[in-house]
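Student: I would like a close look at a single part of this protein, a loop and one residue in it, and after that an account of how the surrounding architecture is put together. Please take it slowly and keep to what the model itself supports.

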Amino acid sequence: MAALCESFTLCGLGPSGGVGLGGGLLALEPGPDPDHVLLTDRGRTATLFKVSDQKPLGCWSVKHGQIITCPVVCNFETHEYIAVHDDKVLRIWKNKDINLDKVFKATLSADVYRIHSLPNGGPVVLFKGGGVRTLDVLLEAPQQEIENVISDEVIKWSEAFMEGQQPVLIFTTEKDGDFFVYVQKLKMNSLHRYKLEQQESSKPLSFTAYIKNQIITLLCLYSNDSVYKVLIPLQQNTEEEEQILSKSLLLNLSVSGSVLKGTSFVVLDKDHVAVLGSLAASGEESKECLTIWNTKFQTLQTSKELPLGTSGQLWCYEEKFFFTHGKVLTVIMYKCETSSLAAAVGKLKDSQTPDVSSFVNWNTLGDEELVVSLQSQQSVALKSESKMTLRSKRNTVAKVQPDTLSVGQLLLNLKDASTTAFEDELRQLMSKAQMPDFQATIGCVITALINRCKTNPKYYPRNFLLQIVQTRDLSYSLCPDLMAVALEKKDVHLLQICLQRFPDIPEEITYACLKVFLISEAYLQGIDVNLESVICYIDIEFNNKEVKTEIVENGFNVELEQDIWDTKITKETHLMSDGEFCPVGPQKAALLNAVLHSAYSETFLLPHLKNLPAQQAVLFLRYLYYLYVKCSEKINTTLPGIRSPTINQIMDWMCLLLDAQFTVMVMLPEAKELLSNLHKFVRAQVRFYSELNKIEGSLRELQRLNHQKDSQTYSIEVLELI
């Protein structure tokens, strides 16, 4: 039995997606940790991602004019990264390195096709001419001559394995419509060449392989919508120059009159393969989808429609699928269990099987498919005989008590229920706090609510959604459509709570929230917003009357201190662009504070901030400047209140906004005074801290002298600071 589970977005891929992968994704490789992946774009950038957090850990680029020409890989033994740009230039670096111009560089004598990194065998370099070298041997003499073993042939695919202590490399080539397979055993310096048996009126589109018991199993996806299997023994006694490899049919990609036009595929285990392609039925428009097939019983186990389209590439690591969907890189978890006939046809009776239906999407599966996919959970609840028709089975499902229904079955039954009954059932479902996969269930409940919002634009359960987000530990990846709907409805309160509670919000969504929060003040006046982050420090002017809630800490007051500190410095320190008052109202200030608290990567947020309208950028900078001055008035540079922004957050956002909008700010007349005052304020602070640094040595000496003396009696000492 195989099933697709939860999915989430790892990163955006468009020009403004934050990853810089506007040219498309070249490859995805495993990183130094099982939870890490390396993304290489079709340009000059490689990015290391932590999958569980959907956050980048590092990003490296070659110079403009240079192009990364093969996927970046990780050396698992040294935890270094290896890239080749412009076909021949090898680069090696570590996590701490930032500028690739300053890392190790070697120019090779031949063009590189691919680098394969083996966990226990080190990196192996395959050249376009078919020559193979381990990285260690190559680095001993980078300019060594590389033999050309495949004249006039073009490499189409390659893979590397470890057989015991022996690295084995396999690659396929094509010449004039004929396909060849090469197997190289590196330590024995043994190379075998085979010719692939031709298939009439079809050709191989994609390859994958695995090795077991000294036998390589090569799987070939052909253009006739079939998968073929080829067995290649590693032990070869014959010295024939060329052997023809026969193939056997493994799988026909057709089901119920529909044919899957596959573009790429991966092996999951000995009985399952996953295929990415377009499923087409006669007379119907083809739909791209991800499918899992049981090769033992020739059955389609599960599928997921991908309406936004894909690039045709599919990767699989650590029981996760990776593929492009529209303008994002999507991750889908899956699971495969022991293959049996009962599992293949959806009738495996296993009460311990996790509730896969928690992740069913109503919009992509028909009712019949849902019922079939849930047979393993229905076996306990249903008492009817297996010969019942599908219609009678659905009727039986409807009669089962809610307590015995799986999440998917309950959601299916509630699809056409009234709004009141729908929400009541979902609340009862959430109250079962001890059920397995509880977090996934909550995510499924939110998905059900969002789906109903999409089908019925007038329906929007704002209070219900707020209750769920405020009382449950959720994440963006668990319910990615929630914030999208909230943005569409301009539900700023829900967006505020999501920003405060979700740890994994993409930078694109954070920017969208910022734009919504910077809308007109009049729109926010009557909206309920959490003000706990602003009520202790904000100064607002109503009808020329000041409402000031100022907290004096440790007896420190700005006005009193003005007589003590240097007059010029103090005056410059307290200049404001728009007087003493906050440039935005309390509602907008609280919403902007939620944005300041959200996690982000500067690399991926900066492109979005460049698109912020000029007037909104100036207003946001005024508010940041106001917060900066407020923090500087405090001895500990900390604003009072709950979830108030810190001085570091304020400074980081101010620098980021100026980096993104500096040219616009310089050209805007209304921003001139603001930038001038900001410059004066920062200059005054630099002077002030410079003066403190001058007496730092004297203060330390004074502290040392006080520690040396242990005066038991009253005394007065005069210390002269020179």
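**A loop residue and its setting**

Tutor: In this predicted model, I535 lies in the loop that runs between α13 (521-524) and β30 (539-542). With a relative accessible area of 48%, I535 counts as partly exposed, because that class covers values between the 20% limit for buried and the 50% limit for exposed. In space, the C-alpha of I535 is 7.1 Å from the C-alpha of G641, although 106 residues separate I535 and G641 in sequence. That pair can be set beside a figure for the whole protein: among contacts with a separation of 6 or more, 56% are made by residues 24 or more positions apart. The protein has 722 residues, of which 49% count as buried, and its secondary structure comprises 21 helices and 32 strands.

From the loop we can turn to the helices, taking one packed pair. Two packed helices are described by the angle between their axes and the distance between the axes. For helix α9 (residues 462-471) and helix α11 (residues 492-501), the angle is about 15° and the axes are 10 Å apart, which makes α9 roughly parallel to α11. The crossing of α9 and α11 is left-handed. On the α9 side the contact is made by R462, L465, L466, V469 and Q470, and these meet H493, L494, I497, C498 and R501 of α11. Sorted by character, the residues in this contact of α9 with α11 comprise six nonpolar, two polar and two charged.

The strands can be followed in a similar way, beginning with the lower residue numbers. Strands of a sheet pair through backbone hydrogen bonds, either parallel or antiparallel. One open sheet has four strands in the order β2-β3-β4-β5, with antiparallel pairing. Its edge strands are β2 (25-30) and β5 (55-61), each of which pairs on one side only. On average, and with direction ignored, neighbouring strands of this sheet are turned by 20° against each other. Within it, strand β4 (residues 45-50) is paired with β5 in the antiparallel sense over six bridges, and L48 has G58 in β5 as its bridge partner.

Further along the chain, β10 and β11 form a hairpin, with three residues between the two strands. Strand β11 (residues 122-127) runs antiparallel to β10, and six bridges join them; at one position, R114 stands opposite L126 in β11. As for its surroundings, strand β10 (residues 112-118) has five of its seven residues buried, so β10 is largely enclosed by the rest of the structure.

A second open sheet has five strands, ordered β22-β23-β24-β25-β26, again with antiparallel pairing. Because β22 (254-255) and β26 (299-305) stand at the edges with a single partner strand each, one side of each is left without a neighbour in the sheet. For β26, strand β25 (residues 287-294) is joined to it by six bridges, and the two run antiparallel. One of the residue pairings here sets L290 against K304, its bridge partner in β26.

To return to the starting point, I535 is a partly exposed residue in the loop between α13 and β30, with G641 at a C-alpha to C-alpha distance of 7.1 Å.

Conventions
Residues numbered from 1 in each chain as written. Predicted model: local features only at pLDDT ≥ 70, side-chain atom pairs only at ≥ 80, totals over all residues. Heavy atoms only, no water. Axes fitted to C-alpha atoms, helices over the stretch in contact; angles between N-to-C directions. Parallel < 35°, antiparallel > 145°, perpendicular 65-115°, else oblique. Left-handed = near helix turned anticlockwise from the far one by under 90°. Contact = heavy atoms within 4.5 Å. Nonpolar A, V, L, I, M, F, W, Y, C, P; charged D, E, K, R; others polar. Buried < 20%, exposed > 50% of the residue type's maximum accessible area, 1.4 Å probe, protein only. Pairing = 2+ DSSP bridges.
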